[in-house]
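Subject: Structure for your review

Dear colleague,

Please find below the structure that I would like to hand over to you. A short account of what was found in it follows.

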Amino acid sequence: MVDQTHKETVLVELSKIQVDTAYQLPLMQNRVRELVDNFDPDMFQAMSVNIRDDGQMYVMDGQHRFTAAKQKGYTHAPGWVFKGMTQAEEASFFLDINTNRRGYIKAVSRHYAELTAKDQRAMDIQAVVEEF
């Protein structure tokens, strides 16, 4: 579980956000287009981002909202900013949001996120797959 005390809500500069494809789902253009077409800044839900120890900022939840806001020409958007999480902790956060709370994520995407989160079961499965 992520330590919620190291989180603050701020306007995040969108040009500084990166997407870690090791655990993020592929961008669904249809979802982005739907968000752009129905964009309402008053209804924008905060993204969850993390500033890693190297100073780089990664989106953990909200990749499609982030992309839609950029396409609409926004330079900043609300975000819950975490600090100092590792890539594995980000992947665990992503998994928690997308499987336990939302209930949607394809098995292959979940597997790669679990590998990034250093989940032992996923690493055992991957080792077996790599033998063949």
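The largest pocket of this predicted model has a volume of about 490 Å³. Its lining is made up of 23 residues, and those that lie nearest the centre of the pocket are R31, L35, G62, H64 and R65. Four elements give two or more residues to this lining, namely α1, β4 (57–61), α2 and α3 (87–101). Which of the elements gives the most to the lining of the largest pocket? The answer is α2, with four residues. Sorted by class, the lining of the largest pocket holds ten nonpolar, seven polar and six charged residues.

Helix α1 deserves a separate look. This helix covers residues 29–37, and its buried residues are V32, L35 and V36. When one looks down the axis of α1, these buried residues fall within an arc of 100°, so they line one face of the helix. What do the buried residues of α1 pack against? They pack against α2, which spans 63–71. On the face of α1 that is turned away from its buried side, one finds the exposed residues N30 and D37. L35 thus appears twice in this account: it is one of the buried residues of α1, and it is also among the residues nearest the centre of the largest pocket.

The strands offer two residues that you may wish to locate in the viewer. I17 lies in strand β2, which consists of residues 17–18. Is I17 buried or exposed? Its relative accessibility is 7%, and because buried means under 20%, I17 counts as buried. Not counting residues up to four places away in sequence, I17 touches V12, M47, V49, M57, V59 and F66. One of these, V59, is 42 residues away from I17 along the chain, while the C-alpha atoms of the two are separated by 6.3 Å.

The second residue is V81, which has its place in strand β5 (residues 76–83). V81 is buried as well, with a relative accessible area of 4%. From C-alpha to C-alpha, V81 and M57 are 8.9 Å apart in space, and in sequence they are 24 residues apart. M57 is also included among the residues that I17 touches.

A further residue to inspect is K118, in the loop between α4 (107–116) and α5 (120–131). Although K118 is not a glycine, it has a positive phi of about 65°. K118 has a relative accessible area of 57%; because exposed means over 50%, this residue counts as exposed.

Finally, here is the chain as a whole. How many helices and strands does the protein chain have? It has five helices and five strands. Read from the N terminus on, the elements follow the order β-β-α-β-β-α-β-α-α-α. The protein chain has 132 residues, of which 42% count as buried. If one takes the contacts between residues at least 6 apart in sequence, 78% of them join residues at least 24 apart. The accessible surface of the protein chain comes to about 8,100 Å², and carbon and sulfur atoms account for 51% of this surface.

Yours sincerely

Methods: Residues numbered from 1 in each chain as written. Predicted model: local features only at pLDDT ≥ 70, side-chain atom pairs only at ≥ 80, totals over all residues. Heavy atoms only, no water. Buried < 20%, exposed > 50% of the residue type's maximum accessible area, 1.4 Å probe, protein only. Arc of directions from axis to C-beta. Contact = heavy atoms within 4.5 Å. 1 Å grid on protein atoms, 1.4 Å probe; cavity = no way out; pocket = protein on both sides within 12 Å on 5 of 7 lines; lining within 4 Å. Points joined across faces, edges and corners; volume = space filled by probe spheres on them. Nonpolar A, V, L, I, M, F, W, Y, C, P; charged D, E, K, R; others polar. Areas by Shrake-Rupley, 256 points an atom, 1.4 Å probe, with all protein chains shown as cover.
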